[in-house]
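These are my notebook entries on one protein structure. I set out to look up its open and enclosed spaces, and then its overall build.

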Amino acid sequence: MGVKRMQRAKLAAAYLLLALAAALGWLYSCLPDRVYLEPGQALYLPRFAWVEPQRGHGSQNVASTRAVGSYQTTLTLGGWLPIKTIRAVVTERPRVTVCGTPFGVKMFSEGALIVGFSEIGQAGGGTSNPAKEAGLHLGDRVICIGQTRTESNEAVKEALDAAEGQSVEVVYIRSGEQKLTTLTPVWDGAAGQWRAGMWVRDSSAGVGTLTFADEELGVFAGLGHPISDSDTGESVALRSGEIVPCEITGCSAGTAGSPGELKGHFLSAHAIGTIRINGENGVYGTTRTHFSGQLREIAFAQEVVTGPAEMWATIEGEAPRAYRIQIERVSDADPRRNLVIRVTDPSLLSVTGGIVQGMSGSPILQNGRLVGAVTHVLVNDPTRGYGIFAQTMLEQAKNAVQNGAEAQTAE
């Protein structure tokens, strides 16, 4: 009996250690790799109140530093059990102009995006499709046909005409990788031209919401997700782009399984900003004019917590309103889906049903600070959606400054 009791005790201890290891692994994955602090600000993680910097002689606790810079610190349970070593960046707290205003997007892609195929009737009967026969797929970006750079739909037509039915090399991009194939155009007697059997698009246009502008850096940030092609869902590879003033003229409300949409029109062809980045976490660029809004501080990611917040959105005209929301979940693990939010404001729910397309980029504020932006709606529940940290967007906006400087140098 004593031996069996000992075996059970050992087994229980093994299970306990396994559970502890799993819990520590989960905690490690949930903790951020980097935190930002103001000079003199204590390193405190509100979402992980039991986690604190390592104690003891010789360990540098960035919670007490007043020097701007970057430091390593070890996070622990109770100050003694090490969990994760992170980077703490001590910097002045940024302030930006929070917008929430609509903007129109005009963007040209790098290469001609294949958005469809069509069979071409032949004089002898039957049909053919040279593009499919060459192995091209929906969503491929054709950047060169023969000696012609295909940066527009017209350039594709010119390249096919120049080939005159002879085989030509086609350079294209698929999933970020450059590939090469050979295509032989065929004569379409009905249309009276050489064709490849593919429909291409070289530009995109739409409506979104500006999150913020940094007047000092001269940059803007919006959407919180990339501009994608409506047919293929592929992110548009940016060749050039601008944003223009826009007015919201109507809205179709969202329902479960059917996302709603803001409707608007461009007020002017005069650009107010140049798009420099169409990235996974938003659209960023350099400003050409002053952006209206309110100057607010940005909350560092570790300061964002669940609870009441507000969303600035424009559902009519050009000016935003603040609407009540609830931040239901906060995560550092996903680089883009940091927040799960739920609309609680009756006035917004009565008009839009919650979050609709076109609201992407709407600023989220908590305790007076900008904490993030709306990125997506949950299709099966339009009252809820995802958001991204404002801190992440600001870091990307700073890259837009560099991109703008490089573009000017190239010119």
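**Entry 1: the largest pocket**

How do the residues of the lining of the largest pocket divide into nonpolar, polar and charged? I worked from a predicted model. I found 14 nonpolar residues, 14 polar residues and four charged residues in that lining.

I then looked up the pocket itself. The space in the largest pocket comes to about 880 Å³, and 32 residues line it. Nearest to its centre I noted Val207, His225, Ser228, Gln357 and Gly358.

Next I asked which strands each supply at least two residues of this lining. I recorded β6, which runs over residues 102-117, and β15, which covers 198-214. I also recorded β18 at 261-266 and β26 at 369-378. The most is given by β15, which contributes seven residues to the lining of the pocket.

**Entry 2: the largest cavity**

How many cavities of 30 Å³ or more does the structure hold? I found one. The largest cavity contains about 40 Å³ of space. I listed the residues that line the cavity: Ser109, Leu113, Arg201, Asp202, Ser203, Ser204, Asp229 and Val236. Two elements, β6 and β15, give two or more residues each to this lining.

I also looked up which element gives the most to the lining of the cavity. The answer is β15, with four residues. I noted that β15 likewise gives the most to the lining of the largest pocket.

By class, I counted two nonpolar, three polar and three charged residues around the cavity.

**Entry 3: the protein as a whole**

I turned to the overall build and recorded five helices and 27 strands. Along the principal axes, the C-alpha atoms fill a box of roughly 90 × 65 × 50 Å.

What share of the 411 residues is buried? I read a value of 47%, where a residue is buried if its relative accessible area is under 20%.

For the surface, I noted that the protein exposes about 19900 Å². Carbon and sulfur atoms supply 50% of that area.

Lastly, I looked up how contacts are spread along the sequence. I considered contacts between residues at least 6 apart in sequence, and 66% of these join residues at least 24 apart.

**Entry 4: summary**

I close with the strand that recurs in my entries. β15 supplies seven residues to the lining of the largest pocket and four to the lining of the largest cavity. β6 also appears in both places, with at least two residues in the pocket lining and two or more in the cavity lining.

Definitions and conventions
Residues are numbered from 1 along each chain as its sequence is written. This is a predicted model: local features need pLDDT of at least 70, side-chain atom pairs count only at pLDDT 80 or more; totals for chains, interfaces and linings use all residues. Side-chain values use heavy atoms; hydrogens and water are left out. On a 1 Å grid over the protein atoms alone, a cavity is a set of points where a 1.4 Å probe fits but cannot get out, and a pocket is an open set with protein on both sides within 12 Å along at least five of seven lines; lining residues have an atom within 4 Å of a point. Grid points are joined across faces, edges and corners, and a volume is the space filled by probe spheres set on the points. Ala, Val, Leu, Ile, Met, Phe, Trp, Tyr, Cys and Pro count as nonpolar, Asp, Glu, Lys and Arg as charged, and the others, Gly among them, as polar. Buried means under 20% relative accessible area, exposed over 50%, partly exposed in between (1.4 Å probe, protein chains only). Contact means heavy atoms within 4.5 Å. Accessible areas come from the Shrake-Rupley method with a 1.4 Å probe; for residues, only the protein chains shown count as cover.
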